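Let us take a walk through a protein structure together. Have the sequence and the 3D view ready, and follow along at your own pace.

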Amino acid sequence: MIEKIEEILQEIENLKANSEQDIEALRIKYLSKKGIISEMMNDFRSVPAELKREIGQKMNLLKTNAQNKINALRESMQNSGQSQEILDMTRTAYPIQLGTRHPLSIVKNEIIDIFSRLGFVLADGPEVEDDWHVFSAMNFAEDHPARDMQDTFFVEAHPDIILRTHTSSVQSRVMEAGQPPIRIICPGRVYRNEAISYRAHCFFHQVEALYIDKNVSFADLKQVLLYFAKEMFGSDTKIRLRPSYFPFTEPSAEMDISCNICGGKGCPFCKGTGWVEILGCGMVDPNVLELNGIDSKQYTGYALGMGIERITNLKYQVKDLRMFSENDIRFLREFKSAN
């Protein structure tokens, strides 16, 4: 009987299977109630007493090895099935649903790409700023309304530390750190103490651009604005500039584009005028240049700034600004094709 046990042990060690059906057939053959090992257990009763200990140990080993081998074959088959599933060339390349870029990121990247083609480079700065870089260096008077608590978030116990109200503070930091030529674009989040509604929020996003060099003129600014408008809204887009006022530019202007919904014919979106305002711009005030260590007699420059939410509204007709910050997955999925 010992020889038979040794023979079956060797046989079990060499077992192989190509399917779950093969493994089940082997389990029935060796481990079922009518299997080989059960029959040998029945024969164990006739073993002489002096051999029962030795043969009993080998029978236990035989049963254990058989069970372990069946389990190993089954585990190997399952792992093989998982590997095969991963390599299944009929499956979709992306079995999980991909996310989308946020619409503000889509538009911001598009704006950056347009200005990058004109030679502008990215510049960044802190969102928690000091009064100098946000206001004073930008030629804001001490009694300017923008300094009022209603417009600006001040850090408690530090009256000169605020949340930046515009990304012009980045321009100031770049100007004071080096001399022209300067050609930068400054995207970022800004904060203002306003009531939240469908048309306003306490935080939003801006992109500002600054170009300073010798002999920079308003004509240069106009050409950049026209190029940007056509690239962003289409080749048929027209622009117009209206006189305005900003503390850091002189002369200053607001730019309108022909309504991209009605083509300039007049509709409810443009209030029947055919024009939509999108940004402010102007020639950098000489006082700003001098305050930031640049010789205003040698250099001139222009600056422009726009709200990313405003541009996004024009491109995608999003009527409620709050949608941009609520992270509603249904809203974000609408921009899948714009990625």
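We will start with the sheets, then look at the helices, and end in the core.

Keep in mind that this is a predicted model. A good place to begin is an open sheet of 7 strands, whose order is β1-β5-β6-β10-β9-β8-β7 and whose pairing is mixed. At its edges you will find β1 (121-122) and β7, each of which pairs on one side only. As a general point, the strands of a sheet pair through backbone hydrogen bonds, and they may do so in a parallel or an antiparallel way.

Now follow one end of this sheet. Strand β7 covers residues 239-246 and pairs with β8 in the antiparallel sense, over 7 bridges. The two form a hairpin, with 2 residues between them. If you want a landmark here, find L241, which stands opposite M255 in β8. On to the next pair: β8 and β9 also run antiparallel, and 8 bridges join them. A landmark for this pair is S258, which stands opposite W275 in β9. Is β8 mostly covered or mostly open? It is mostly covered, with 7 of its 10 residues buried.

There is also an open sheet of 3 strands, with the order β2-β4-β3 and antiparallel pairing. Its edge strands are β2 (128-130) and β3 (154-155), and each of these pairs on one side only. Strand β4 (residues 158-163) runs antiparallel to β2, and 3 bridges join the two. Look for V128, which stands opposite L163 in β4.

Next, the helices. Return to the sheet of 7 strands in the order β1-β5-β6-β10-β9-β8-β7. Helix α5 packs on this sheet, where it touches β1, β5 (182-191), β6 and β10, and its direction makes about 165° with that of β5. Helix α5 has a helical partner too: its axis and that of α10 come within 9 Å and cross at roughly 100°. Angles from 65 to 115 degrees count as roughly perpendicular, and α5 and α10 are therefore roughly perpendicular to each other. On the α5 side, the contact is made by P103, L104, I106, V107, K108, E110 and I111, while α10 brings I308, E309, I311, T312, K315 and Y316. What kinds of residues make up this contact of α5 with α10? They divide into 8 nonpolar, 1 polar and 4 charged.

Finally, let us go inside. The largest nonpolar core has 44 residues, and those with the most contacts inside it are I111, F115, F228, I278, Y302, L304 and M306. Helices and strands both build it: among the elements that give two or more residues are α5 (103-116), α8 (218-233), β9 (275-284) and β10 (300-307). The largest share, 7 residues, comes from α8. To see how such a core residue is surrounded, pick L304: leaving aside its neighbours within four places in sequence, L304 is in contact with F115, V207, E208, A209, L221, V224, L225, G280 and C281. Apart from this core lies another one, of 21 residues, including F140, V170, C186 and L210.

How values were computed. Residues are numbered from 1 along each chain as its sequence is written. This is a predicted model: local features need pLDDT of at least 70, side-chain atom pairs count only at pLDDT 80 or more; totals for chains, interfaces and linings use all residues. Side-chain values use heavy atoms; hydrogens and water are left out. A nonpolar core is a set of buried Ala, Val, Leu, Ile, Met, Phe, Trp, Tyr and Cys residues joined through side-chain atoms within 4.5 Å. Buried means under 20% relative accessible area, exposed over 50%, partly exposed in between (1.4 Å probe, protein chains only). Helices (H or I, at least four residues) and strands (E, at least two) are DSSP runs, numbered from the N terminus. Contact means heavy atoms within 4.5 Å. Two strands pair if DSSP finds at least two bridges between them. Axes are lines fitted to C-alpha atoms, for helices over the stretch in contact, and angles run from 0 to 180 degrees between N-to-C directions. Angles under 35 degrees count as roughly parallel, over 145 as roughly antiparallel, 65 to 115 as roughly perpendicular and the rest as oblique. Ala, Val, Leu, Ile, Met, Phe, Trp, Tyr, Cys and Pro count as nonpolar, Asp, Glu, Lys and Arg as charged, and the others, Gly among them, as polar.
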